[in-house]
Amino acid sequence: MISYWNQITFANPWVFVLLAVPILMILWQVWRYKYLYPTLRLPILEGVKSHARPLRGFIKKYLFVLRVLGITAFIFALARPQSSLNEEEINTEGIDIVISLDISGSMEALDFEPDRLGAAKEKAREFIENRKNDRIGLVVFAGESFTQCPLTIDHEVLVGMLKNVKTGLIEQGTAIGMGLATAVIRLKESEAKSKVIILLTDGVNNSGFIDPLTAVAAAQEYGIRVYTIGVGKNGMAPFKVQDFFGNVQYQQQEVRIDEELLAEIAARTGGKYFQATSNAALGNVYQEIDRLEKTRIEVTRLTNYTEEFYWFLILGGILFLLEMILRYTFVRSIP
């Protein structure tokens, strides 16, 4: 009921100045009350009790209230109340995005929380959930690559598939060229005006049969921008390993990122290279990409009005009719 009245507007709000009429009627009736209905004091009421009609007297005293309410209802009708229904017509110029995610063994490094891959998945999920109007796909790569999820607007399905990503799914290695080429294949038939690849890795291209720069040339041909993200930094990083007896130990291992290659991939395709050395920094990278690749949304607001004045006309008519019926029947005075 509250939400309904929030949608009511009045076409002629100036008519409400006429509400002074019922207010003056009430004031006049209050002033005349003691003259119209004087108090009769009797020492003994036994003689009149049997003839008393308290309900009739009460209705007669306050019969004017029906007329006041009826006039008020007619004033509201003159103000032309209207209920409004707002509709939004949204036209989107979406962006097709493919996230190409490195799932090689080095992504198990513990310099991120819980590890590099876990942090990459969490920040990718947040990015996906913020891009409600875009089609997004997911490619994973290590020694080879495959499509984990094709381009889709169903982000719940995509996030579910992202959760299932882990290291060891495919042959070990870091085939950056393969990861990029597979993402290009996913986008080459896209009719979107803007096509983007987000390639995330923490290694050096050492596997696969496609050279990264060959994949870059394909991306250029299809007008695809590539944003590259280097996860971690060159040097030593902690890893969880098991000894001969199955006990878990932590060991420092050397990792290296080919930053020059990632920067060149981004530069040639009109994208940008980012380095992320912590969970927060990785989140900031995705936020910046989100700002750089804004989806164009046009909103057309349509408002439909429905006249509601007839309800007040009906109410006013009923109140006036009820007053007349009571005045000339139940509370009628016989001279």
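## Helix α11: two sides

In this predicted model, helix α11 has a buried set of residues: Leu282, Gly283, Val285, Tyr286, Ile289 and Asp290. They cover an arc of only 155° around the axis, which puts them on the same side of α11. The other side of α11 carries Ala280 and Arg291, which are exposed.

What do the buried residues of α11 pack against? Their partners are the strands β3 (95–102), β6 (194–201), β7 (224–231) and β10 (273–276), together with helix α6 (116–130). The length of α11 can be checked too. Helix α11 covers residues 279–292, which makes 14 residues. At 1.5 Å a residue, α11 should span 20 Å. Its end C-alpha atoms are 20 Å apart, which agrees.

## Salt bridges

The structure holds 14 salt bridges. One of them joins the side chains of Arg116 and Asp202, at 2.8 Å from N to O. Arg116 lies in helix α6, and Asp202 lies in the loop between β6 and α9 (212–221). The pair therefore ties together parts that are 86 residues apart in sequence. Are its two partners buried or exposed? Arg116 is buried, at 1% relative accessibility. Asp202 is buried as well, at 1%.

Helix α6 also has a salt bridge of its own. Glu126 and Lys123 meet through their side chains, at 3.9 Å from N to O. Both residues lie in α6, three residues apart, about one turn of the helix. Glu126 is partly exposed, at 31% relative accessibility. Lys123 is buried, with a relative accessible area of 17%.

## Back to α11: charged partners

Helix α11 takes part in a salt bridge through Glu288. Its partner is Lys272, and the closest N and O atoms are 2.6 Å apart. The pair links distant parts of the chain, 16 residues apart. Lys272 sits in the loop between α10 (259–269) and β10, while Glu288 sits in α11. Lys272 is partly exposed, with a relative accessible area of 36%. Glu288 is also partly exposed, at 23% relative accessibility.

A network appears as well. Arg131, Asp134, Asp290 and Lys294 are joined into one by salt bridges that share partners. Asp290 is one of the buried residues of α11.

## Aromatic pairs

A search of the whole structure finds nine aromatic pairs. One of them is Phe10 with Phe16. Their ring centres are 5.0 Å apart and the planes stand at 80°, an edge-to-face arrangement. Both residues are partly exposed: Phe10 has a relative accessible area of 27%, and Phe16 has 24% relative accessibility.

Phe10 also pairs with Phe76. How are these two rings arranged? The centres lie 6.2 Å apart and the planes meet at 65°, so the pair is edge-to-face. Phe10 belongs to strand β1 (residues 8–10) and Phe76 to helix α5 (residues 64–78), so the pair ties together parts that are 66 residues apart in sequence. Phe76 is partly exposed, at 24% relative accessibility. With Phe312 added, the group is complete: Phe10, Phe16, Phe76 and Phe312 form one aromatic cluster.

## Ser145: a buried strand residue

Ser145 is found in strand β5 (residues 145–152). Its relative accessible area is 16%. Ser145 counts as buried because that value falls under 20%.

Which residues does Ser145 contact beyond its neighbours within four places in sequence? They are Val140, Ile170, Met178, Gly179 and Thr182. Two of these residues also have polar atoms close to its side chain: a polar contact of 2.5 Å joins the side chains of Ser145 and Thr182, and the backbone oxygen of Met178 lies 3.1 Å from a polar atom of the Ser145 side chain.

## Tyr250: an exposed strand residue

Tyr250 has its place in strand β9 (residues 248–255). Is Tyr250 buried or exposed? At 60% relative accessibility, Tyr250 counts as exposed.

Tyr250 still has partners. Not counting residues up to four places away in sequence, Tyr250 touches Leu110, Phe239 and Lys240. Lys240 is ten residues away along the chain, yet the C-alpha atoms of Tyr250 and Lys240 are separated by 4.7 Å.

Technical notes:
Residues are numbered from 1 along each chain as its sequence is written. This is a predicted model: local features need pLDDT of at least 70, side-chain atom pairs count only at pLDDT 80 or more; totals for chains, interfaces and linings use all residues. Side-chain values use heavy atoms; hydrogens and water are left out. Rings of Phe, Tyr and Trp (its six-membered ring) pair if their centres lie within 6.5 Å; planes under 30 degrees apart count as stacked, over 60 as edge-to-face and the rest as tilted. Buried means under 20% relative accessible area, exposed over 50%, partly exposed in between (1.4 Å probe, protein chains only). Helices (H or I, at least four residues) and strands (E, at least two) are DSSP runs, numbered from the N terminus. The expected span of a helix is 1.5 Å times one less than its number of residues. The arc is that of the directions from the helix axis to the C-beta atoms. Contact means heavy atoms within 4.5 Å. A polar contact is a pair of N or O atoms within 3.5 Å; within protein, one must be able to donate a hydrogen and the other to accept it, and residues adjacent in sequence count only if both atoms are side-chain atoms. A salt bridge is a side-chain nitrogen of Lys or Arg within 4 Å of a carboxyl oxygen of Asp or Glu.
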